Structures are given as structure tokens and as C-alpha cells.
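The exercises below go from the whole chain to single residues. Try each task on the structure before reading its solution.

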Amino acid sequence: MTPNITRAEPRQLGAEIFQVATGSSEPIYRQLIEQLRRLQAGGQIAAGDAMPSVRDVASELGVNPMTVSKAYSMLEAEGLLVRRRGLGMEVAARASGNSDLASRLELLRPSLERIALEASQLELDSKAVITLLTSILKGK
């Protein structure tokens, strides 16, 4: 787990905070939204951190700027991001990070459900899947 780090100064986040899986059935804007929710819940981004510009994210990921704009707008409507007039978006004050364990696990549930379905379709043994996941988590 990543500890919640208290920062004296907000940071300028780079576009590299996002990654997209172009072959995924999940729309790219949803991938961006879910990634930012997880980063917030895990305490890896903090209130006041400045978001990378729509143009920077779109360029870095090779996606349409409207896709990034849609994700940012939805996160703003949700209250996770706030618009700073003339300065761009930043992480909202309510985004304190380090939600309780149950909340963070719930954010992981959709991904694990997709993995479980794919493992079942491939007729993989659950022990083999868990061993692979454990190896990935350990960085091996």
C-alpha cells in the first residue's frame, strides 16, 4: 500500500499518470476516470494537485482531446476535480485519499470480475490465476 503523504505544496501532475488499454472493451474516457479514482483513493494524488492539460494527456496517450475533456468534465461533475479559472483543473479538496480498505477494494472489483470471466472462458484453474496475479503484484 502507498501511504498517504502530506504535502506542503501541491504538485503539477504529468500526463504519465494515465495509461490506456486501446484493445479494452472499456471506453478510454472510462479508463481515465477509473484510474483517477484509484489514484485518489490510494492517496497518490492530493487535494490541490494540478492536473495535466487536456492537450498534454491527449498527445501523450494518442487519443482525441474530446475524450480527455469528457473524462475531466465527468470527474468535475462528480466533485473529484475542480476547474481553476484560467489555470486548468486540479484535484478537489474533498479528495483526501486513502479511503478505507473496503472502498479501495470496491474500486478494484470491476477489473477483477473481468479477469475472473476471462480466466473462466480460458478454463484456467483459479490457483494458476492467483499465482500469476501474486507474481505480477510482486513485480516478477
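**Exercise 1. The chain as a whole**

What percentage of the 140 residues in the protein chain do buried residues make up? Give also the order of helices and strands.

Solution. This is a predicted model, in which local features need pLDDT of at least 70 and side-chain atom pairs count only at pLDDT 80 or more, while totals for chains, interfaces and linings use all residues. Residues are numbered from 1 along each chain as its sequence is written, and side-chain values use heavy atoms, with hydrogens and water left out.

Step 1. Apply the cut-offs: buried is under 20% relative accessible area, exposed is over 50%, and partly exposed is in between (1.4 Å probe, protein chains only). Buried residues make up 29% of the 140 residues.

Step 2. Take helices (H or I, at least four residues) and strands (E, at least two) as DSSP runs, numbered from the N terminus. The chain has five helices and two strands, in the pattern α-α-α-β-β-α-α.

Step 3. Along the principal axes, the C-alpha atoms fill a box of roughly 55 × 35 × 25 Å.

Step 4. With contact taken as heavy atoms within 4.5 Å, consider the contacts between residues at least 6 apart in sequence: 63% of them join residues at least 24 apart.

**Exercise 2. The nonpolar core**

Which elements each supply at least two residues of the largest nonpolar core, and which residues does leucine 75 contact beyond its sequence neighbours?

Solution. Step 1. A nonpolar core is a set of buried Ala, Val, Leu, Ile, Met, Phe, Trp, Tyr and Cys residues joined through side-chain atoms within 4.5 Å. The largest has 22 residues, and Phe18, Leu36, Met51, Val57, Val68, Tyr72 and Leu81 touch the most other members.

Step 2. The elements that each supply at least two residues are α1, α2 (54–61), α3 and β2 (88–91). Helix α1 gives the most, with five.

Step 3. Leucine 75 is in helix α3 (residues 65–78) and counts as buried because its relative accessibility is 1%. Outside the four places on either side in sequence, its contacts are Ile33, Leu36, Leu80 and Leu81.

Step 4. Leucine 36 is 39 residues from leucine 75 in sequence, with 8.6 Å between their C-alpha atoms. With the same exclusion of neighbours within four places, leucine 36 contacts Ile17, Phe18, Ile45, Met51, Leu75, Leu80 and Leu81.

**Exercise 3. Salt bridges**

How many salt bridges does a search of the whole structure find? Examine those made by arginine 114 and arginine 109.

Solution. Step 1. Require a side-chain nitrogen of Lys or Arg within 4 Å of a carboxyl oxygen of Asp or Glu. The search finds nine.

Step 2. Arginine 114 pairs with glutamate 26, with the closest N and O atoms 3.9 Å apart. Arginine 114 is in helix α4 and glutamate 26 in the segment before α1, so the bridge ties together parts 88 residues apart in sequence. Both partners are partly exposed, arginine 114 at 35% and glutamate 26 at 21%.

Step 3. Arginine 109 bridges to glutamate 106 at 3.1 Å between the closest N and O atoms, and to glutamate 113 at 3.6 Å, N to O. Glutamate 106 is three residues from arginine 109 in helix α4, about one helical turn; glutamate 113 is four residues from arginine 109 in that helix, again about one turn.

Step 4. Arginine 109 is partly exposed at 42%, as are glutamate 106 at 46% and glutamate 113 at 46%.

Step 5. A network of salt bridges links Arg30, Glu34, Arg37 and Glu78.

**Exercise 4. The largest pocket**

Which element gives the most residues to the lining of the largest pocket?

Solution. Step 1. On a 1 Å grid over the protein atoms alone, a pocket is an open set of points where a 1.4 Å probe fits, with protein on both sides within 12 Å along at least five of seven lines; lining residues have an atom within 4 Å of a point. Grid points are joined across faces, edges and corners, and the volume is the space filled by probe spheres set on the points. The largest pocket has about 600 Å³.

Step 2. Its lining has 18 residues, with Arg38, Leu108, Ser111, Arg114 and Ile115 nearest the centre. Two or more lining residues come from each of α1 (28–41), α4 (101–121) and α5 (126–137). Helix α4 gives the most, with seven.
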